[in-house]
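Colleague: Mind if I quiz you on the labels you put on this one? I'd like the value and the cut-off each time.

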Amino acid sequence: MNLLEIDRLSLSIGGVPILRDVSLSIAPGECLGLVGESGSGKSMTALSIMKLLPGGSEMSGAIRLDGELISAFGEREMCNLRGARVGMVFQEPMTALNPLKTIGEQVAEVIRIHGQSRDPREAAKEALARAGLPPEQFPLDRYPHDLSGGQRQRVVIAMAVALRPRLLIADEPTTALDVTTQAVILDLLKTLAKEDGAGLLMITHDLAVVADMADRIAIMKHGEVVEQGETAPLFRAMSHPYTRALFAASTHRPERHGRAPGAEVLGVRQVVRDYRLPRKRIFEARRLFRAVDGVDLTIRAGENVGLVGESGCGKSTLSRAILGLEGIQSGEIALVGRPFGPDAPSASRRDVQVVFQDPYGSFDPRWKVADLVAEPFHLVDPKPPRAERRRRVEALLERVGLKASDADKFPHEFSGGQRQRIAIARALITEPKLVVLDEAVSALDVSVRARILDLLAELSETLDVSYLFISHDLHVVRAITDRVMVMQKGRIVEAGETEAVFSAPRHAYTRQLLAATPDLEAALARREAAAG
């Protein structure tokens with residue numbers, strides 16, 4: 001008998017159809033990968049299982065767990081089920097965790113709420129240890145902000161598996177993590193599900209991840225399951241056009257025409273950035289943490305350079321220094337031949353702009369797109385007249401694939417990919433020489449990501465703008481950059497032309513990063529070899 005049975009599940013919210021006749025099953029110990037673009041209905045399927053739906057929802061069909069019709073449960077019964085029989089790992093651990101409670105309190109709360117006879121604190125220690133956070137190294141009195149992103153995700157996993165549920169749902173659990181941390185978290189989820197004999201529903205837009213993790217895959221589009229089956233046969237056949245489109249987008253590389261780089265745009269020479277650590281004792285001398293340690297970096301006109309490494313390696317600190325948001329202790333940063341730092345004049349600041357990972361978080365939701373895109377004009381002297389600003393904003397919106405009329409809309413009226421196009425337009429409005437892209441496509445699904453990469457490649461060539469592409473996604477870096485630099489513990493440990501570094505890495509750390517990166521073809525080959 002299957003552990004989970006979903007039979008013709010349909011869902012509407014406020015009369016708008018969201019899911020249509022979704023039918024899925026998961027056997028004990030099996031991992032089902034649920035794949036599709038943003039808005040395809042993946043997360044709403046998971047929330048329907050948990051009955052965590054917004055107001056105005058109407059659901060039909062049947063959901064059974066161990067043969068029991070849980071779709072007929074009331075809220076009291078669902079409260080007893082959530083956490084005990086079904087555990088869920090959410091995408092963003094910092095949002096899922098309470099910043100005011102220690103990690104021990106949050107895991108113990110799961111045990112306490114469900115009235116377990118065990119001591120909640122001891123049970124919390126056991127759950128955290130299973131998730132790779134042994135109490136002797138990670139005391140229960142630590143808070144979420146004391147931990148790295150991967151460690152916070154382990155806390156969320158500990159909460160989800162504390163009562164050894166029959167079904168574990170993981171909704172994009174590694175989207176914001178670097179490749180080595182992602183590999184560890186995925187292996188942890190697979191191991192815990194296997195140890196408990198639980199079913200695992202793995203929701204993701206990353207085909208390489210599910211190819212390695214899932215026994216079977218279901219492809220969703222517009223609220224419907226369009227194809228499902230065993231992993232390797234499904235990817236080899238790809239009978240539905242949408243599956244083929246996702247596969248093509250996941251391996252997409254934008255067309256680029258090699259050009260000789262021009263004059264130096266950015267020069268970073270022997271840059272050092274230290275942070276003061278808090279004193280452990282009142283009279284203890286201040287300690288320093290060296291986040292960036294003697295880094296050299298050069299970017300020329302029209303050149304795209306990638307910067308990769310694990311979380312905490314110093315990438316973001318270096319990027320803030322390059323953007324003039326932080327000072328440096330020693331070394332030199334030059335932009336277009338002039339020294340650049342926090343005190344740089346506006347005339348220099350217009351030459352470097354940034355596109356952040358989360359465009360919605362970097363926009364003022366009360367501003368219209370016209371104002372958001374025109375905001376960097378405060379760096380331009382003299383400022384263009386209002387009519388000229390409007391003309392340039394509309395022209396740039398059309399250049400990045402939007403409409404001129406979109407200037408009068410608010411950010412919430414756009415999809416994630418459209419908001420990222422707005423962010424790119426804002427970065428280009430002052431005609432900068434350099435754009436820093438900090439994880440600019442990591443939160444996008446594969447087809448949107450492919451279109452954004454095509455746009456960035458086209459703009460780089462037509463506008464002669466240079467990119468510093470900071471990412472933990474090595475496939476993206478390989479697709480868009482001319483050169484790549486690998487950063488570890490504040491130092492550049494390897495640098496060179498992108499294809500040369502990826503094809504024949506010299507440093508052990510680079511080889512470690514590449515080995516941890518999910519590879520769709522390699523995962524399918526391993527499955528086929530294991531099947532004989």
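Modeller: Let's start with the salt bridges: the structure holds 34 of them. This is a predicted model, where local features need pLDDT of at least 70 and side-chain atom pairs count only at pLDDT 80 or more, while totals for chains, interfaces and linings use all residues. Residues are numbered from 1 along each chain as its sequence is written, and side-chain values use heavy atoms, with hydrogens and water left out.

Colleague: What makes the pair glutamate 68 and arginine 85 a salt bridge?

Modeller: The label needs a side-chain nitrogen of Lys or Arg within 4 Å of a carboxyl oxygen of Asp or Glu. The N to O distance between the side chains of glutamate 68 and arginine 85 is 3.0 Å, and they are a salt bridge. Glutamate 68 sits in strand 5 (residues 68-69) and arginine 85 in the loop between helix 2 (75-81) and strand 6 (86-89), so the pair ties together parts 17 residues apart in sequence. Helices (H or I, at least four residues) and strands (E, at least two) are DSSP runs, numbered from the N terminus.

Colleague: Why is glutamate 68 called partly exposed?

Modeller: Buried means under 20% relative accessible area, exposed means over 50%, and partly exposed is in between, with a 1.4 Å probe and protein chains only. Glutamate 68 comes out at 36%, so partly exposed it is. Arginine 85, at 23%, gets that label too.

Colleague: And what makes arginine 130 buried and glutamate 195 exposed?

Modeller: Arginine 130 has 17% relative accessibility, so it counts as buried. Glutamate 195 has 53%, so it counts as exposed. They form a salt bridge, with the closest N and O atoms 3.1 Å apart. That pair links distant parts of the chain: arginine 130 is in helix 5 and glutamate 195 in helix 7 (residues 179-196), 65 residues apart. Both belong to a salt-bridge network that links Glu126, Arg130, Arg164, Glu195 and Asp196.

Colleague: How do you know that glutamate 122 and lysine 125 are about one turn of the helix apart?

Modeller: Both lie in helix 5 (residues 120-130), three residues apart. An α-helix has 3.6 residues a turn, so residues three or four places apart point the same way. Their side chains meet in a salt bridge at 3.5 Å, N to O. Glutamate 122 is partly exposed at 46%, and lysine 125 is partly exposed at 28%.

Colleague: On to the sheet. How do you know which strands are the edge strands?

Modeller: The open sheet has four strands in the order 12-11-14-15, with antiparallel pairing. Strand 12 (287-300) and strand 15 (338-339) each pair on one side only, and they are the edge strands.

Colleague: What makes strand 11 and strand 14 a pair?

Modeller: Two strands pair if DSSP finds at least two bridges between them. Strand 11 (residues 264-277) and strand 14 (residues 330-335) have five bridges, in the antiparallel sense. One partnership joins arginine 269 to glutamate 332 in strand 14.

Colleague: Why do you call asparagine 304 buried, and what does its side chain reach?

Modeller: Its relative accessible area is 1%, so asparagine 304 is buried. This residue lies in strand 13 (residues 304-308). Its side chain reaches the backbone oxygen of isoleucine 480 at 3.1 Å.

Colleague: What makes the link between asparagine 304 and serine 460 a polar contact?

Modeller: A polar contact is a pair of N or O atoms within 3.5 Å; within protein, one must be able to donate a hydrogen and the other to accept it, and residues adjacent in sequence count only if both atoms are side-chain atoms. The side chains of asparagine 304 and serine 460 are joined at 3.3 Å.

Colleague: Last one, helix 19. Why do you say its buried residues line one face?

Modeller: They are Tyr509, Thr510, Leu513 and Ala516. Seen down the axis of helix 19, they fall within an arc of 130 degrees, so they line one face (the arc is that of the directions from the helix axis to the C-beta atoms). Tyrosine 509 is buried at 3%, and its side chain reaches the backbone nitrogen of glutamate 310 at 3.0 Å.
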